[in-house]
Amino acid sequence: MTAVPIRRARLLLIVGALLFTLMSNASVSAAAEPSGAAPSRGAEVVAVTQVADRQVDLSVRSPALGGRTVNVRLLTPDGWDPGDRSRRWPTLWLLHGCCGDYTSWTGKTDVAQTESLRDVLVVMPEAGWNGWYSDWWNYGQGSDPAWETFHTKELRRLLEQGWGASGNRVVAGLSMGGQGALMYAARHPGMFKAAASYSGSAHPLLDDESVNRIMGYFAGQGDDPLRVWGDPVAQRDVWADHDPFHLAKRLKSTPVYLSCGDGTAGPLDPPGSTNALEADFNRQNHALAGELERVGARHVVTHFYGPGTHRWAYWERELHASLPMLLHALGTDR
C-alpha cells in the first residue's frame with residue numbers, strides 16, 4: 001500500500017472514531033437527564049484534523065470555557081487506533097508557555113521525531129495566551145475561563161473515553177506551563193505520576209518583583225489582571241493555592257524535575273544576551289527546590305545549569321534530559 005492510501009485510511013479511521021465518540025457522548029448525556037428535561041451538553045469533540053504524520057488536532061467545545069471551541073494536538077503512538085476501545089496508551093501532557101499555544105511544542109522542538117515517545121500518547125492542549133492553567137477568580141464569581149477544569153476534568157474524560165488515553169499520565173511544561181505542570185500534579189494528587197518544569201514560574205509569591213512581573217503578564221492583551229487570582233494581598237490564599245512553593249507538601253511523593261538558567265548568555269544564546277524573566281524564575285526554582293527538600297520530598301531532580309536565557313533551545317534540551325524520569329514513571333522505559 002502506498003503512503004497516500006495509508007494516510008487516507010488512518011484519517012477515515014479517526015473520523016469513524018469521532019462519530020462513535022459523539023454518538024456515545026450523546027447517549028450518556030440523554031441517559032443522565034431526567035425525563036422531560038432539556039439535555040445538557042458536556043465537553044465534546046466537534047472536529048478532527050490530521051495535520052501531519054502521527055499528529056491529530058481535536059477541536060473541543062468546552063462548557064468550562066464558556067462554550068468556546070479550542071484545539072488540542074495529539075502526537076499519537078505507533079499502532080494508535082482510537083476505535084479500539086480495548087487498548088489504552090500511557091500519556092505525556094506537554095503544556096505550553098505564555099504567549100504560545102497548542103502548536104508550540106511541535107512547531108519549535110523535535111518532539112515529533114523523538115523515538116522514545118513512539119509508545120506514548122502526547123497531549124498538547126490549548127491553555128490560552130495567558131490562561132495560567134487556572135480557573136480564573138473573576139472577583140469571586142469564577143466561571144469562564146476555567147482552564148484547570150477544562151484540562152483536568154473535561155479533556156481528561158474525553159481522551160480516556162474515546163481517544164485511547166489511559167489513566168497512566170505524566171506532565172511537563174515550560175514557563176507558564178512549568179507552573180501548570182507542578183500545580184496540576186500538586187492540586188490533583190494521583191493524576192500525574194511525575195512532573196517536569198522547564199524555566200517554570202515556580203514561586204510567583206517570592207517577592208515584589210516576582211508578583212509584579214506575573215501581574216504584568218496577567219494584564220496582557222488588555223486583560224484585567226485581578227481576574228486571574230485576585231489581588232496578591234487581599235486574595236493571598238488564592239495566590240498561594242496556585243503557587244508551587246506553597247503546594248510543596250503535596251509533591252512529596254511525586255517525582256519532580258526542575259530546570260532553569262540564570263538569565264545570562266549561555267551556550268545556546270547569542271553573545272551578550274540577558275533575560276530578567278529567566279533570572280527571576282531561577283530564584284523561584286531554587287526556592288522551590290529548597291522547600292521540597294525541607295518538606296521531605298523524596299524524588300526531586302534539579303538541573304540549574306547557570307548561563308542560559310528563556311529560549312526554546314534550552315526547553316527542547318531539558319525535555320530530552322527529563323524524559324528518562326518521565327518515561328520511568330510511566331513504566332515505558334523497560
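How many helices and strands does the protein chain have?

**Figure 1. Overview of the predicted model and its secondary structure.** The protein chain has nine helices and nine strands. Of its 334 residues, 52% count as buried. When contacts between residues at least 6 apart in sequence are taken together, 72% of them join residues at least 24 apart.

**Figure 2. Close-up of the largest nonpolar core, which has 62 residues.** The residues with the most contacts inside this core are Leu58, Phe150 and Leu159. Helix H4, which spans residues 176-187, gives the most to the core, contributing seven residues. Apart from this core lies another one of 28 residues, with Leu92, Val111, Val122 and Leu323 among them.

**Figure 3. Close-up of the surroundings of Phe150, one of the residues with the most contacts inside the largest nonpolar core.** When neighbours within four places in sequence are left aside, Phe150 is in contact with Val60, Ser62, Ala64, Leu65, Val70 and Val72, and also with Glu126 and Leu155. The contacts of Phe150 thus include Ser62 and Glu126.

**Figure 4. Close-up of Asn138, in the loop between strand S5 (121-125) and helix H3 (147-162).** Asn138 counts as buried because its relative accessibility, 11%, falls under the 20% cut-off. With residues up to four places away in sequence not counted, Asn138 touches Ser143, Asp144, Pro145 and Arg227. The side chain of Arg227 also makes a polar contact with the side chain of Asn138, at 2.7 Å.

**Figure 5. Close-up of Asp110, in the loop between helix H2 (104-108) and S5.** Asp110 is partly exposed because its relative accessible area of 26% lies between the cut-offs of 20% and 50%. Residues up to four places away in sequence being excluded, Asp110 touches Glu316 and His320. Glu316 is 206 residues from Asp110 along the chain, yet the C-alpha atoms of the two residues are separated by 7.3 Å. With His320, the contact includes a polar one, in which the side chains of Asp110 and His320 are joined at 2.8 Å.

**Figure 6. Close-up of the second largest pocket, with a volume of about 180 Å³.** The pocket is lined by 15 residues, and those that lie nearest its centre are Gly97, Cys98, Cys99, Leu174 and Trp315. The elements that give two or more residues to this lining are H2, helix H8 (276-294) and helix H9 (312-330). By class, the lining of the second largest pocket comprises nine nonpolar, five polar and one charged residues.

**Figure 7. Close-up of the largest cavity, in which about 30 Å³ of space lies.** The count of cavities of 30 Å³ or more comes to one. Residues Thr91, Trp93, Arg156, Leu159, Glu160, Ala165, Ser166 and Arg169 line the largest cavity, and Leu159 is also named among the residues with the most contacts inside the largest nonpolar core. Strand S4 (89-95), H3 and strand S6 (165-174) each supply at least two residues of this lining. By class, the lining of the largest cavity has three nonpolar, two polar and three charged residues.

Terms used. Residues numbered from 1 in each chain as written. Predicted model: local features only at pLDDT ≥ 70, side-chain atom pairs only at ≥ 80, totals over all residues. Heavy atoms only, no water. Core = buried A, V, L, I, M, F, W, Y, C linked by side-chain atoms within 4.5 Å. Buried < 20%, exposed > 50% of the residue type's maximum accessible area, 1.4 Å probe, protein only. Helix = DSSP H or I, 4+ residues; strand = E, 2+ residues; numbered from the N terminus. Contact = heavy atoms within 4.5 Å. Polar contact = N/O pair within 3.5 Å; in protein donor to acceptor, adjacent residues only side chain to side chain. 1 Å grid on protein atoms, 1.4 Å probe; cavity = no way out; pocket = protein on both sides within 12 Å on 5 of 7 lines; lining within 4 Å. Points joined across faces, edges and corners; volume = space filled by probe spheres on them. Nonpolar A, V, L, I, M, F, W, Y, C, P; charged D, E, K, R; others polar.
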